[in-house]
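Me: Hey, can you walk me through this structure? I'm new to this, so keep it plain.

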Amino acid sequence: MYAPDFAYYRADSVAEIGRLLRKHPGAKLLAGGHSLIPLLKLRLAAPPALIDIGRIGELKGISVADGRLRIGALTTHAQIAASSEVAAHAPALAAAAGVIGDPAVRNRGTIGGNVAHADPASDLPTVLLALGASFAVATDDGERAIPAGGFFQDMMTTALGEHDIVTAVDVPTAPEGQGQAYEKFSHPASRYAVIGAAAAVGLTGGKVGRVVVTLGGLVPAAIRAGSVEQALSGQAPSADAIADAAAAVSNDLGPDLIGDIYASAEYRRAMAPVCVKRALTAALKRASSVAEAPAARSPWWKPSWL
Amino acid sequence: MSTRIFGSGIRRREDPRLITGSATYTDDLTLPRMAHAAMLRSPHAHARITSIDTSRAAAAPGVVAAYTHADTEGAVAPAPCAWHLPDSDLKMADYHCLAKDVVRYVGDIVAVVVAESRYAAEDALELVDVGYEPLPAVIDPEAAAAEGAPQLHDEIAGNQAFHWQVAGGDVDAAFAEAEVVVSDRIIQQRLIPNAMEPRAALASYTRATGELTVWNTTQNPHIVRFLTSLVLGLSEDKIRVIAPEVGGGFGSKIAAYPADFVTMFCSRKLGRPVKWTETRTENYQATTHGRDHVQQVELAAKKDGTVLGLRCTVHAGMGAYLSTAAPGIPTILHGLMLSGVYTMPAVREDVYGIYTNGTPVEAYRGAGRPEATFMLERMMDVLAARLDMDPADVRRKNLIPRFEDGHDVVTSLTYDSGDYPAALDKVLSHADYAGLRARQKAGPANGAYLGLGLATYVEICGLGPSQVAGAIGFQGGLWESAIVRFHPSGKVHVFIGASPHGQGEETTFAQIVGSELGVDPQDVKVFHGDTDNTPMGWGTYGSRTTAVGGAALALTARKIRDKAKVIAAHLLEAAVEDMEYEDGKFFVKGAPDQHKTIGDIALMANVAWNMPKGVEAGLEASTFYDPPNFTFPFGAHLAVVEVDAETGAVTLKRYVALDDCGPQINPVIVEGQVHGGVVQGVGQALWEEAVYDEGGQLVTGSMLDYALPRADLLPDIEVLSTVTPSPHHPLGVKGIGEAGTIASTAAVYNAVLDALRPLGVSSVRMPLTPERVWQAIRDAKKSAP
Ligand SMILES: Cc1cc2nc3c(=O)[nH]c(=O)nc-3n(C[C@H](O)[C@H](O)[C@H](O)COP(=O)(O)OP(=O)(O)OC[C@H]3O[C@@H](n4cnc5c(N)ncnc54)[C@H](O)[C@@H]3O)c2cc1C
């Protein structure tokens, strides 16, 4: 529980982070510290230097413009969970941020640190993948945007290069009528996700329209449940249809799932459909039919001139 | 007795300093020239040390010294076990403070590094070169007792630390005549006590005087002083042990630990203060654990539900060495409680205490009684299920009827007082048990199965008569002491030998003095935890502080009252026989207006201008109270759960706890104790388990994996009580510190198994995690015809 020796620097701007990173090879950024500091204390990581980015104003805050929510990398989980903008435009993200760890973790942990760390048991990668988010990244030679789909590559592995800094997370605002939900089976000790399922569903004419389902916690990096999406799309959202579609998730899970002493891989595999079903059911409850096509009319009242 | 003070839920005076961060714990203390110790602990569960070299560590920057066993030879004796269980063939292995030749659990101390800072000491630990030859390890107590198991101690065959038996009545006849016999194999998993404050020691040895002062996270500083004198060979009068603020213990701060003695040794050797505070990782690995029983239980009964006898065999894992009080926990505190609240004609239990390559096991809140209560309460439910009776009816049929002054039970104890049927009835009617059963009959709603779980219990508290302590091999007394001292202004100082560490006796003991002598509890200050300024006492554990120390205090206050009466009579020019006392006022019978207050008398006694002939100056008294018997609190608990059959997830919906601890000095504190106790017991049923892997590594090595109860997983606890005074305690009080833990594990387990009954599940290993419950449902489905 005593971290090895390290040098400490504080950056006051994104530009300065870059300079410090180039100057101190192997240095690590320190945001909320809720993933990094435990690693240091357990002596599982021993970076020569930490660059504290915690006070950089330009990395904080939430705004809405041009059909997207922009969330600064240093925005805490608690701020996201409490934001009315996030609640309105990305309710599943607000829900996921609100069930991370405990209040202390939510008050310190940041969205940038969470996605950069890419713990397989994290909640935000799963939900950001479902919502089609992308990450604004400052690199040695400018800015680039990395879509969530290409960002999370493997356990604790992202598309970020050594000097890359996540500056913000961009989330498309939910289309009208879309229902979103995040369903989580929490580990009772760590509170991390044993399984997390996110769903974003639209209804068209009473049938399931565009549907995205993602899954995390039991896989090395969050995945899309394409088989579920396919099975459900175009269906009337009955309980049976949802359950049948959710069962298809087994096709999306590879042979190797994460398991531990609390929940084995076998158990997680068996629970994945349950978690997906619950996420879909909740999302569909919140979805409202938009652009409802006129229902097929029964002949008995069809006007005679047609 | 003024009911205004006794029985009022005044706020705990401990809390302002505890919740504002101004309390001073051992780790908060810094002394001039203080150095810091870090312990190098074995990474192996079992290994021979082939080589050890501290030279690189000793030469590291900031390092003052590094020591291994060889340095302590002759200077530090093994950490003693102080409960010499009689008639048990007890075999105590040496628990060297720094491992000698062999390490026997992950956490066994191999070397200590002392440095100018804790960071320097931690860095240097990585420079101690140790060669290990790994040996096979065994964690499960039953496996460790089996033939061919790895052997921990050369001189102890079969890893057996002891075999102890309790027997009463003719148990074989009971089983021969039984119409039904039910049985189960129960695993009381290993638990980690998790006091909020980790353990620490700050030792300061002064060469010039030969005196050692130790600040220590302990529940019993006087015992630590005594044992320190033995282990370090110092004269007891030169040792001062101080338990400053101690952040919880739950039994894990009873033991005198190797790391503490090593810290003291370092200070003595270096002539500097040395502080050691364990990390949470060390706390998990090396501070004592609790439970760890494998129980094979059988209950004999008649078809109408009348129980005839209980027979069981318990393998109790002791860990690698016997901790200070360890042998008494799965035996005396367990086996003697086997007949519980029932009229039980016969019992027999064989307990095998087994060495394993786990962390040493000690008392953990409830200490032996939860394990006994669980066995019995589980069997009552299994019997009810077998006979298709309601669990409440089976219990009611067998409960010992109300008694006020003594009831002998088959294990040789005499319970002091009890009204078990009243407790059960009150819980059932409060909870609308019949209504809940009706709801359950209606079948599961949305896949959620309702389950009701009862546990009726009695526990043994207020340890205890010292003569009994001697007879059961406890290497100490079990009385308590109190001094009450009035200052001229009427303010009071109380000094006690017990050592509260979160329970709230600074408040309740002030209430005792307040109610006995009519002073404002605000004017009473309670001192504890310092061997230099408190009278000898045996410590705070086993729910004994109020049950024994509170009695000492009440009697002391009454001595003061008697003396005050004599002084008052003198001042009022009346005969002592004509004096009356009420609410802090002394007056001549029939003339209450002309009175002297206890404050008037305190002033007079202290200035002594006008004292009765032959009466000493001062207003002070003391008592050493050795109780005539234990106390036996009891109660009935009901848990209501829902089990999600799809996932196996259990939700605790309601919890009703009725605990009878006699008259309550402060009902708010009682409620707090019940809450904490219940929650720890629920933790065992649903979440907590210290898991080791095959090689003896502690897999649940941190709070990321070891699941402690959390507030959002618990319902409001409905706390009820009945009041059955103990006939032998001067205030009638019994003890409440452990009550909640004793009943709640069984109540919750029974509730979950009650919910699972329609699904054909009859046994699940604790903790009842979703996966285990889900697996049990699946297995039952598979084996269903
Ligand atoms: C007890 C506990 C429970 C938790 N439970 C959950 C849970 O249920 N669900 C969940 O999702 N998470 C959980 N977490 C993790 C928590 O959300 C962390 O806060 C988060 O994963 C990391 O964010 P941080 O700001 O603390 O990052 P830090 O710990 O400061 O950094 C983490 C890593 O990211 C890098 N980094 C930080 N910011 C940036 C950036 N802007 N650009 C590039 N790299 C960066 C750092 O260098 C470091 O390598 C839990 C943590 C704890 C301690």
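Me: Where does α12(A) bend, and by how much?

Reply: α12(A) bends by about 35° at A:M271, and a proline, A:P273, follows within four residues. The bend at a residue is the angle between axes fitted to the seven residues ending there and the seven starting there. Helices (H or I, at least four residues) are DSSP runs, as are strands (E, at least two), numbered from the N terminus.

Me: Before we go on, what am I looking at?

Reply: This is a predicted model, where local features need pLDDT of at least 70 and side-chain atom pairs count only at pLDDT 80 or more, while totals for chains, interfaces and linings use all residues. Residues are numbered from 1 along each chain as its sequence is written, chains are lettered from A and ligands numbered from 1 in the order in which they are written, and side-chain values use heavy atoms, with hydrogens and water left out.

Me: OK, back to α12(A). Which of its residues are buried?

Reply: Among them are A:Y267, A:R268, A:M271, A:V276 and A:L284. Buried means under 20% relative accessible area, exposed over 50%, partly exposed in between (1.4 Å probe, protein chains only).

Me: And what covers them?

Reply: The cover includes β11, β12, β13, α10 and α11 of chain A, together with α21 (770-783) of chain B.

Me: So how many residues does each chain bring to the contact?

Reply: Chain B brings 30 residues and chain A brings 24 residues, with contact meaning heavy atoms within 4.5 Å.

Me: How many salt bridges are there across the interface of chain B and chain A?

Reply: The rule finds eight. A salt bridge is a side-chain nitrogen of Lys or Arg within 4 Å of a carboxyl oxygen of Asp or Glu. One of them pairs B:E126 with A:R43, the closest N and O atoms being 2.9 Å apart.

Me: Which helix gives the largest share of the side of chain B that touches chain A?

Reply: That's α21(B), with five residues.

Me: New topic: is B:H69 buried or exposed?

Reply: B:H69 counts as buried, because its relative accessibility is 10%. You'll find B:H69 in helix α3 (residues 69-72) of chain B.

Me: What does B:H69 touch?

Reply: Not counting residues up to four places away in sequence, B:H69 touches B:H96, B:L98, B:A99, B:K100 and B:V110. The side chain of B:H69 also reaches the backbone oxygen of B:L98 at 2.9 Å.

Notes
A polar contact is a pair of N or O atoms within 3.5 Å; within protein, one must be able to donate a hydrogen and the other to accept it, and residues adjacent in sequence count only if both atoms are side-chain atoms.
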